[in-house]
Amino acid sequence: MFDLGDYYTRQEVHALIGGSVQSYLPTVKKRVVAGFFNPAFDPDAPRIVLAGRGPIIEGTADQLTRQADAVPTFVKRRVNCWEYVGRYRVVRQTYDQAEILPYARKANRVGDVTSVLFLQSAD
């Protein structure tokens, strides 16, 4: 469906798989269908993703962890330009603030991160 290393807009991805064009983890029928990660917020994406605050943000991070299946994953390269980097799945999620802190510092997001997702390529 997507070609590794190719660039897509959120609208193009939405047309193929659905879900929100704004959420970092868009869902369809309560299942996460893709991951969209911005290096400005997640400098180690796609392998390490920081979940912020808010019921939808936290809920979709937890849902992706529970699903255990890999989803198409994209990393922002410039405005409305997302590189397809493969299919990734969560292998671990931590809520431990001591473990979160170094990642939050690196991203300039201290106090904003509720959990860290560790992802692995399924390709």
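These legends walk through an overview and a few close-ups of a predicted model. Residues are numbered from 1 along each chain as its sequence is written, and side-chain values use heavy atoms, with hydrogens and water left out. Because the model is predicted, local features need pLDDT of at least 70 and side-chain atom pairs count only at pLDDT 80 or more, while totals for chains, interfaces and linings use all residues.

**View 1. The whole protein has three helices and eight strands.** Helices (H or I, at least four residues) and strands (E, at least two) are DSSP runs, numbered from the N terminus. Going along the sequence, you meet them in the pattern β-α-β-β-β-β-α-β-β-α-β. The C-alpha atoms fill a box of roughly 40 × 30 × 25 Å along the principal axes. Of the 123 residues, 46% are buried (under 20% relative accessible area, with a 1.4 Å probe and protein chains only).

**View 2. Helix 1 (residues 10-17) has Arg10, Val13 and Ile17 as its buried residues.** Look down the helix axis and these buried residues fall within an arc of 65 degrees, so they line one face of the helix; the arc is that of the directions from the axis to the C-beta atoms. Their cover includes strand 1 (7-8), strand 2 (27-28), strand 4 (35-37), strand 6 (71-78) and strand 7 (81-94). Just past the helix, Gly18 takes a positive phi of about 85 degrees.

**View 3. Val33 sits in the loop between strand 3 (31-32) and strand 4.** Even in a loop, Val33 is buried, with a relative accessible area of 18%. Skipping neighbours within four places in sequence, its contacts (heavy atoms within 4.5 Å) are Ile17, Gly18, Pro26, Thr27, Val28, Val71 and Pro72. Val33 and Thr73 are 40 residues apart in sequence, yet 9.2 Å apart in space, C-alpha to C-alpha.

**View 4. The largest nonpolar core has 16 residues.** A nonpolar core is a set of buried Ala, Val, Leu, Ile, Met, Phe, Trp, Tyr and Cys residues joined through side-chain atoms within 4.5 Å. Tyr24, Leu25, Phe37 and Leu119 have the most contacts inside this one. Strand 5 (48-51), helix 2 (55-67), strand 6, strand 7 and strand 8 (115-121) each give two or more residues, and strand 7 gives the most, with three. Zoom in on Leu25: leaving out residues up to four places away in sequence, Leu25 touches Val32, Ala34, Gly35, Phe37, Thr60, Ala61 and Leu64.

**View 5. A second, separate core has ten residues.** Among them are Phe2, Val13, Phe36 and Phe74. Val13 is a familiar name here: it's one of the buried residues of helix 1.

Note on methods
Buried means under 20% relative accessible area, exposed over 50%, partly exposed in between (1.4 Å probe, protein chains only).
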